2 protein chains.
Amino acid sequence: MHGGNDERVDQGRVTLQAIAERLSVSTATVSLALRGNSVVAEATRERVRRVAEEMGYVYNRSAASLRTDRSQIVAVGIHDVTNPYFAELLGVLDEQVGEVGRSLLLGTYGESRERQQRVLRTLKEYRPDGIVFCPADGSLLEDFVSLAASRIPAVQIARYVEGLAFDFVGCDDCGAIGLGIDHLVELGHRRIAMIGGSERTSTGRDRLRGYREALSRHGLQYDRALVQTGHGTRDHGMRAIGAVLQADPKPTAAVCFSDLVAFGAMLGLRHAGLEAGQDFSIVGCDDVAEAALWFPALTTLRLKPRDLGRHAAAFLHSRIANPALPPRRLVLPAELVVRASAVPA
Amino acid sequence: MHGGNDERVDQGRVTLQAIAERLSVSTATVSLALRGNSVVAEATRERVRRVAEEMGYVYNRSAASLRTDRSQIVAVGIHDVTNPYFAELLGVLDEQVGEVGRSLLLGTYGESRERQQRVLRTLKEYRPDGIVFCPADGSLLEDFVSLAASRIPAVQIARYVEGLAFDFVGCDDCGAIGLGIDHLVELGHRRIAMIGGSERTSTGRDRLRGYREALSRHGLQYDRALVQTGHGTRDHGMRAIGAVLQADPKPTAAVCFSDLVAFGAMLGLRHAGLEAGQDFSIVGCDDVAEAALWFPALTTLRLKPRDLGRHAAAFLHSRIANPALPPRRLVLPAELVVRASAVPA
DNA sequence: CTGAAAGCGCTAACAA
DNA sequence: TTGTTAGCGCTTTCAG
């Protein structure tokens with residue numbers, strides 16, 4: 001320990017305390033100054049800021065959080081970030097939440113209820129200011145009682161669970177599929193299949209319902225052989241289109257639960273020697289980026305994840321500000337975007 | 001305030017303290033018991049656990065974090081979750097990190113250095129146990145001095161910045177493109193374009209280098225008119241293919257910086273009246289899920305984001321355990337997957 | 001305009 | 001095997 005050592009030796013612990021000592025002021029002053037509170041003199045604020053910078057101070061949010069009961073964390077629970085629709089949702093959420101100085105704590109759980117339970121519990125332990133989540137396939141009301149009990153402001157996104165008194169923002173799933181059917185009927189189709197959509201998910205149920213209702217609106221008969229429920233994956237789409245093609249009489253068109261399913265279906269069609277947009281009509285749902293670029297370009301129902309994300313963030317922030325708000329529901333309209341995968345019968 | 005009120009009245013504050021009082025033991029015992037420490041009697045542990053459960057206790061990680069200097073948070077900074085390659089990376093990271101009881105704190109910054117600065121600073125404030133990030137386009141060494149000074153275990157993923165003494169795990173970008181060129185040359189192509197890849201990114205530079213080196217390896221001449229650098233987006237791919245088609249003599253094939261670029265390029269080709277896999281050959285890079293499903297199915301270089309994510313997590317965890325480790329570099333090999341978008345000249 | 005002091009909920013010595 | 005105690009770094013009265 002020879003002389004000439006400088007202050008940088010123990011720079012591992014730069015706290016308010018350290019700054020306060022260096023400046024011979026109190027930690028209270030430093031705290032206030034750093035947060036720009038105008039109760040401390042402009043000159044002091046400046047000095048504090050400079051020294052903090054110089055000492056390499058970094059705010060400790062755990063400490064602040066413990067003290068204030070605000071973590072500036074928004075937890076988000078979704079099944080799959082790999083699904084482009086949800087990836088986009090996640091992106092928007094991050095943007096929106098970042099704008100008000102909060103950060104996203106992420107948890108994914110596939111479609112497993114059990115993992116969802118674990119993830120939700122862990123997320124809660126970080127004391128997020130709020131949480132936005134998309135209930136896993138098959139979720140039951142009881143899965144969320146402890147979340148509700150925690151009183152953490154929560155908003156359900158895209159999917160809801162029946163009877164849960166949380167905010168919800170989603171799309172008009174029923175109406176979306178209706179639009180798709182309308183379009184196909186206009187094109188002259190009479191035998192229209194429905195591919196994908198889990199009955200254990202609100203989006204699945206609502207889109208399936210949209211299918212049935214639209215059919216009956218057009219005086220078409222519901223045929224169980226034309227519907228292949230399942231997860232919203234490419235794989236399912238590919239397998240399901242094959243199954244549906246076995247029906248007699250054959251369908252001439254299909255609406256899909258999602259674009260991913262539609263992509264799978266178009267591929268399955270090709271395996272069966274058919275081509276979407278020629279021998280068979282396909283309409284997707286979501287309008288992910290890839291949809292416009294496919295060949296044939298996918299006719300689909302646009303669901304606008306950006307709007308979803310924006311509104312979810314707004315709901316959450318207002319609820320954080322005022323937890324007493326009654327639960328709200330926002331259902332965004334879908335819109336048909338006509339491209340090349342659906343053609344006259 | 002009539003009688004019959006039960007304990008659930010103020011359930012807002014269930015702390016170790018509260019449990020301890022209820023059981024007439026100390027908070028230390030409760031803490032130990034809840035964490036399953038075998039120093040407390042099995043019977044006590046059980047009692048504590050039951051009461052905690054019953055009272056709706058939820059662990060407060062801010063408090064623990066403050067005390068232990070461990071947050072169980074892994075911060076991740078990336079430019080874009082909407083890019084399927086990075087979405088997949090994110091998904092794997094979440095899985096891996098979850099397995100050892102940590103959670104992901106997410107920050108995105110587009111390709112903006114400035115946003116990256118803000119995001120990194122915020123992430124640090126949560127005192128993550130570690131951080132994995134992909135440097136934004138144009139990042140400079142100086143952008144990370146404060147991260148380095150913070151001594152938070154860090155690993156760079158996919159892209160690295162020259163001279164940064166952090167761990168790195170990425171792909172053999174140079175070799176990947178080389179494989180692509182080899183394939184095209186074997187198919188008889190001599191005029192091969194390169195589309196996408198920013199020079200302000202290690203992946204861009206390395207892939208561009210791979211292009212040049214492979215060309216010269218095959219005795220082909222490097223022609224500036226055949227390379228269109230730019231971001232790894234579909235848009236860029238679509239615009240760039242047009243530009244490259246102006247060259248004289250025309251190229252007969254192109255390697256793309258990424259699958260996204262390749263998708264854009266294939267679309268651009270169509271606009272120009274050409275068809276990939278017939279009149280022109282395209283090879284992508286990444287092998288995202290969509291690549292196999294496109295028409296024509298994309299011949300591409302598989303980069304295995306899952307392996308990347310797994311190794312990054314492993315690097316991080318070992319470094320958290322032992323911060324003194326020297327910086328490591330892991331470069332995963334790429335592999336050619338032949339499909340239908342590249343054909344004989 | 002600034003300082004002193006208490007306390008958020010937890011864990012880790014150390015003592016009993 | 002369990003209890004006592006101090007303290008992590010911050011914010012917030014309340015005094016001065």
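Which residue stands opposite Ala254(A) in S8(A)? Ala193(A) does.

## Model and conventions

This is a predicted model: local features need pLDDT of at least 70, side-chain atom pairs count only at pLDDT 80 or more, and totals for chains, interfaces and linings use all residues. Residues are numbered from 1 along each chain as its sequence is written, while chains are lettered from A and ligands numbered from 1 in the order in which they are written.

Helices (H or I, at least four residues) and strands (E, at least two) are DSSP runs, numbered from the N terminus.

## Strand S8 of chain A

Strand S8 spans residues 253-256 of chain A. Parallel pairing links S8(A) to strand S6 (residues 192-195) of chain A over 4 bridges. S8(A) also pairs with strand S9 (residues 281-286) of chain A, again in the parallel sense, over 3 bridges. Strands pair if DSSP finds at least two bridges between them. Ala254(A) has Ile282(A) as its bridge partner in S9(A).

Both faces of S8(A) are covered. Ala253(A) and Val255(A) are buried on one side, Ala254(A) and Cys256(A) on the other. Buried requires 20 or more other C-beta atoms within 10 Å of the residue's own; exposed is 12 or fewer, and partly exposed is in between, with C-beta atoms placed from the backbone.

## Arg191 of chain A

Arg191(A) sits in the loop between helix H8 (173-186) and S6 of chain A. Why does Arg191(A) count as buried? Because 20 other C-beta atoms lie within 10 Å.

Arg191(A) and Thr252(A) are 61 residues apart in sequence, yet 5.8 Å apart in space, C-alpha to C-alpha. Beyond its neighbours within four places in sequence, Arg191(A) contacts Leu226(A), Pro249(A), Lys250(A), Pro251(A) and Thr252(A). Contact means C-beta atoms, placed from the backbone, within 7 Å.

## Contact between chains A and B

Chain A gives 39 residues to the contact, and chain B gives 39 residues. On the chain A side, the elements with two or more residues are helix H4 (61-68), helix H5 (84-99), strand S2 (103-108), helix H6 (113-125), helix H7 (145-150) and helix H11 (259-271). That side has 18 nonpolar, 13 polar and 8 charged residues. Here Ala, Val, Leu, Ile, Met, Phe, Trp, Tyr, Cys and Pro count as nonpolar, Asp, Glu, Lys and Arg as charged, and the others, Gly among them, as polar.

A strand pairing crosses between the chains. S2(A) runs antiparallel to strand S2 (residues 103-108) of chain B, joined by 3 bridges. Leu105(A) faces Leu105(B) in S2(B).

## Helix H5 of chain A

H5(A) has 16 residues, which should span 22 Å at 1.5 Å a residue; its end C-alpha atoms are 23 Å apart, in agreement. The expected span is 1.5 Å times one less than the number of residues. In H5(A), 14 of the 16 residues are buried, so the helix is largely enclosed by the rest of the structure. Gly101(A) follows H5(A), with a positive phi near 80°.

## Helix H6 of chain B

Helix H6 (residues 113-125) of chain B has 13 residues. Its first and last C-alpha atoms are 19 Å apart, close to the 18 Å expected. Gln116(B), Val119(B), Leu120(B), Thr122(B) and Leu123(B) are buried in H6(B). Seen down the axis, the buried residues of H6(B) fall within an arc of 165°, so they line one face of the helix. The arc is taken over directions from the helix axis to the C-beta atoms.

These buried residues pack against S2 of chain A, and against strand S1 (73-78), S2, S3 and helix H7 (145-149) of chain B. Just after H6(B), Arg127(B) has a positive phi of about 50°.

## DNA strands

DNA strand D is surrounded by 25 residues; the closest are Leu16(A), Ala28(A), Val25(B), Ser26(B) and Ala28(B). Near means a C-beta atom, placed from the backbone, within 6 Å. H4(A) gives the most to this surface, with 5 residues. The residues near strand D divide into 13 nonpolar, 9 polar and 3 charged.

DNA strand C also has 25 residues around it. Val25(A), Ala28(A), Leu16(B), Ser31(B) and Ala63(B) come nearest. H4(B) gives the most near strand C, with 5 residues. The split there is 12 nonpolar, 10 polar and 3 charged.

Notes
Two residues are in contact if their C-beta atoms, placed from the backbone, lie within 7 Å.
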